[in-house]
2 protein chains.
Amino acid sequence: MTQEIGRRPNIYDVASAAGVSKSLVSLVLRGAPGVSPARRAAVEEAIERLNYRPSRAAATLAGNRSRTIGVVLDDYRNLWFVDLLAGLHNQLAPLGYRVAVADPSFNARLDRTPVDGLMSLRVDGIVIATEPTEEMFAAVDVPAVVAGNRDMAVPGADVVANDDMMGGRLATEHLIGLGHRDIGHVTGGGGAARLRALGYDAAMQARGLRPHIARGQGLTTESDGYEAALKLLDENPSLTAIFAANDTMALGAAGAARDRGRRIPEDLSLIGYDNSPLASANLLRLTTIDGRNAEVGAGAARALLDRSQDPATQVRTVLVEPELVIRTSTAAR
Amino acid sequence: MTQEIGRRPNIYDVASAAGVSKSLVSLVLRGAPGVSPARRAAVEEAIERLNYRPSRAAATLAGNRSRTIGVVLDDYRNLWFVDLLAGLHNQLAPLGYRVAVADPSFNARLDRTPVDGLMSLRVDGIVIATEPTEEMFAAVDVPAVVAGNRDMAVPGADVVANDDMMGGRLATEHLIGLGHRDIGHVTGGGGAARLRALGYDAAMQARGLRPHIARGQGLTTESDGYEAALKLLDENPSLTAIFAANDTMALGAAGAARDRGRRIPEDLSLIGYDNSPLASANLLRLTTIDGRNAEVGAGAARALLDRSQDPATQVRTVLVEPELVIRTSTAAR
DNA sequence: TTGAAAGCGCTAACAC
DNA sequence: GTGTTAGCGCTTTCAA
């Protein structure tokens with residue numbers, strides 16, 4: 001053991017411990033074919049014995065690519081992204097790619113936008129899972145895909161999303177199918193909510209029903225849902241059903257219903273959107289629309305890989321079909 | 001503009017565009033003092049014009065440190081970590097450090113443990129915000145701190161946590177103070193839950209009250225809380241209050257109460273733990289214990305910085321005092 | 001199938 | 001206050 005104490009082993013240490021050259025070690029690390037089993041075993045044994053971990057910094061620098069995909073997230077509090085990340089990871093991990101998450105609220109002050117941090121990491125692609133800003137996409141110069149429907153288009157970026165308008169229609173038609181006629185909608189800010197509201201509106205109009213839409217002060221939080229639902233219930237006492245733009249707002253709406261003495265589903269049917277962990281909670285057992293975010297994530301990964309192979313690919317939009325998930329927060333009138 | 005198209009600008013490009021040497025650029029990047037205002041402005045202008053983003057890979061490799069702190073997270077679904085990250089970030093960002101998150105469920109298959117990935121990133125320190133495993137801390141060779149109380153101790157790592165036992169006592173004493181005598185506790189797996197249960201037990205014993213503890217099949221999820229609370233309510237119909245080991249389990253308990261026809265707080269008082277976003281939802285308005293996770297995060301950051309300055313520092317445990325947050329899920333008997 | 005050697009873009013120590 | 005230079009630990013030709 002000639003290795004100094006305290007120094008981290010590097011590829012040379014492994015190579016000499018295994019009695020091979022460092023290129024050979026590099027090949028083994030990347031699982032390249034055509035390395036003799038004996039040498040491969042020797043290298044693996046040396047890696048294990050020295051507790052060697054390759055430096056990603058060196059690999060990124062030398063290879064001029066990080067094998068990392070960056071994801072720009074909105075807010076950890078809204079759980080819709082969990083399946084998105086899982087879907088991304090499932091596609092990407094087998095190819096040796098990693099996922100790095102950037103939250104706009106963190107690492108601020110170090111970078112002007114979360115994208116800056118990812119560019120400094122030399123990510124090979126970016127998934128924008130938030131409402132994009134001009135500043136943000138000005139900084140991007142790798143393949144990018146926008147996950148989810150947004151108000152603003154990012155030039156040159158593919159879009160992979162669930163079909164929010166169809167989802168809004170599905171939700172509304174479910175309520176209509178249960179016999180409801182006075183159906184309110186609780187909406188918020190952002191492209192997805194806008195489309196869900198359009199779907200709601202289309203379904204109502206198609207049946208000649210009058211739409212009732214309300215929104216809170218902010219975006220799509222629980223308290224926005226609460227506020228908006230109160231407004232709806234107070235202005236339209238005959239309402240028998242509410243469609244909330246997402247599960248978090250539906251939680252708020254459930255609070256409003258409770259505060260107005262309306263039982264769910266006996267007095268008021270409630271449907272959400274996202275099929276987040278919240279929806280399956282026993283207190284809510286919320287009927288909701290599943291945007292199939294894992295498939296959105298997988299689609300985003302594929303779009304990124306396609307585009308990095310051929311940057312000139314036509315920009316496209318991929319829409320995943322949402323599904324109705326029936327629980328017990330909705331009932332026949 | 002002699003720069004090739006397509007190539008990313010590097011520090012040389014900036015230097016020559018600004019008419020200075022590359023060390024000067026490096027100094028400006030790190031905000032070093034003692035650079036003349038004129039040259040600093042020239043460098044900043046060049047950075048802006050070329051849209052230059054320094055390569056973190058190169059900086060890490062050359063500087064032999066990444067200025068990044070790694071955080072190992074449990075599960076995105078449980079929101080207790082949100083404030084922890086904020087606290088970490090607030091301490092670290094002014095010093096130019098970044099935070100990288102590793103989720104055990106992601107990036108699996110690439111690494112044996114999430115720690116491997118962070119070591120490959122050459123993080124300067126690690127915050128373990130999950131139940132540690134032997135495999136995990138065998139791989140760590142940078143300063144480490146465990147955030148939160150855990151079953152297993154990590155040798156050489158500081159611990160920063162809220163005082164879960166005191167919190168358990170606080171919660172229980174709040175209920176006792178409201179006149180409750182038949183108080184049940186819903187618990188789960190992990191070190192924090194164990195200590196919270198001890199606090200509950202101590203408070204009950206101190207008043208000569210008989211403890212009733214139940215747990216679900218799994219760890220500390222909503223459905224575990226639901227199951228355990230059902231058990232509690234069915235076996236002890238005289239129960240007038242429940243203390244749940246965290247807010248997520250409290251949500252489950254609220255579902256169980258509803259299913260057994262118990263109104264909160266009229267028929268049953270309910271208290272949670274964590275003061276997560278869930279607790280402030282209007283449907284719950286949950287009285288809870290605030291573990292002050294932002295301060296835990298800040299403490300973890302300080303512990304890491306202290307230890308990297310002097311690795312021989314005595315290992316210590318820092319306990320943050322939890323606080324009772326009263327909402328309307330608890331009421332006098 | 002394996003080895004040698006040239007960088008990748010930066011930091012830090014030192015010289016001026 | 002500013003410039004020069006030697007690596008950091010890898011990947012990637014290219015040759016053997």
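Contact here means heavy atoms within 4.5 Å. With that in hand, let's start at one residue, A:Thr220. Leaving out residues up to four places away in sequence, A:Thr220 touches A:Asn78, A:Gly188, A:Gly189, A:Asn246, A:Thr248 and A:Met249.

Before I go on, a word on what you're looking at. This is a predicted model, where local features need pLDDT of at least 70, side-chain atom pairs count only at pLDDT 80 or more, and totals for chains, interfaces and linings use all residues. Residues are numbered from 1 along each chain as its sequence is written, chains are lettered from A and ligands numbered from 1 in the order in which they are written, and side-chain values use heavy atoms, with hydrogens and water left out.

Okay, back to A:Thr220. You'll find A:Thr220 in the loop between strand S7 (212-215) and helix H10 (222-235) of chain A. Helices (H or I, at least four residues) and strands (E, at least two) are DSSP runs, numbered from the N terminus. Is A:Thr220 buried or exposed? Its relative accessibility is 19%, so A:Thr220 counts as buried. The rule is that buried means under 20% relative accessible area, exposed over 50%, and partly exposed in between, with a 1.4 Å probe and protein chains only.

Now zoom out to the two chains. A turn of 180° and a shift of 0.0 Å along the axis lay chain A on chain B with an RMSD of 0.1 Å. That is how a two-fold axis relates things. The same surface serves both copies, with 98% of the contact residues of chain A recurring in chain B. For the fit, copies are superposed by least squares on the C-alpha atoms of residues with pLDDT of at least 70 in both. Which residue of chain A comes closest to the rotation axis? That's A:Ala57, with its C-alpha at 2.1 Å.

Next, the rings. A pair of aromatic rings is described by the distance of the centres and the angle of the planes. Rings of Phe, Tyr and Trp (its six-membered ring) pair if their centres lie within 6.5 Å; planes under 30 degrees apart count as stacked, over 60 as edge-to-face and the rest as tilted. Searching the whole structure gives 5 aromatic pairs over all chains. One of them is A:Tyr76 with A:Phe81, edge-to-face, 5.9 Å centre to centre and 70° between the planes. A:Phe81 also forms an edge-to-face pair with B:Tyr76, at 5.5 Å centre to centre and 80° between the planes. Why does that pair join two chains? Because A:Phe81 lies in helix H5 (residues 81-92) of chain A, while B:Tyr76 lies in the loop between strand S1 (68-73) and helix H5 (81-92) of chain B. A:Phe81 and B:Tyr76 are both buried, and A:Tyr76 is buried too. Put together, ring pairs link A:Tyr76, A:Phe81, B:Tyr76 and B:Phe81 into a cluster.

On to the DNA, strand C to begin with. A residue is near a strand if one of its heavy atoms lies within 4 Å of it. How many residues surround DNA strand C? There are 25, and the closest are A:Arg39, B:Ile11, B:Lys22, B:Ser26 and B:Tyr52. Of the atoms of DNA strand C that come within 4 Å of the protein, 65% belong to sugar and phosphate. For example, an N or O atom in the side chain of B:Tyr52 is 2.5 Å from a phosphate oxygen of DNA strand C. A:Ser21 uses a backbone N or O atom instead, 2.8 Å from a phosphate oxygen of that strand. H4(B) gives the most to the surface near DNA strand C, with 4 residues.

And DNA strand D? Here 25 residues lie around the strand, and A:Ile11, A:Lys22, A:Ser26, B:Ser23 and B:Arg39 come nearest. A backbone N or O atom of A:Ile11 sits 2.8 Å from a phosphate oxygen of DNA strand D. This time H4(A) supplies the largest share of the surface, 4 residues.

A:Ile11 brings me to my last stop, H1(A). The buried residues of H1(A) are A:Ile11, A:Asp13, A:Val14, A:Ala15 and A:Ala18. What covers them includes H2 and helix H3 (37-50) of chain A. At the start of H1(A), a side-chain oxygen of A:Asn10 comes within 2.9 Å of the backbone nitrogen of A:Tyr12. That fits our polar contact rule: a pair of N or O atoms within 3.5 Å; within protein, one must be able to donate a hydrogen and the other to accept it, and residues adjacent in sequence count only if both atoms are side-chain atoms. Just after H1(A), A:Gly19 takes a positive phi of about 70°.
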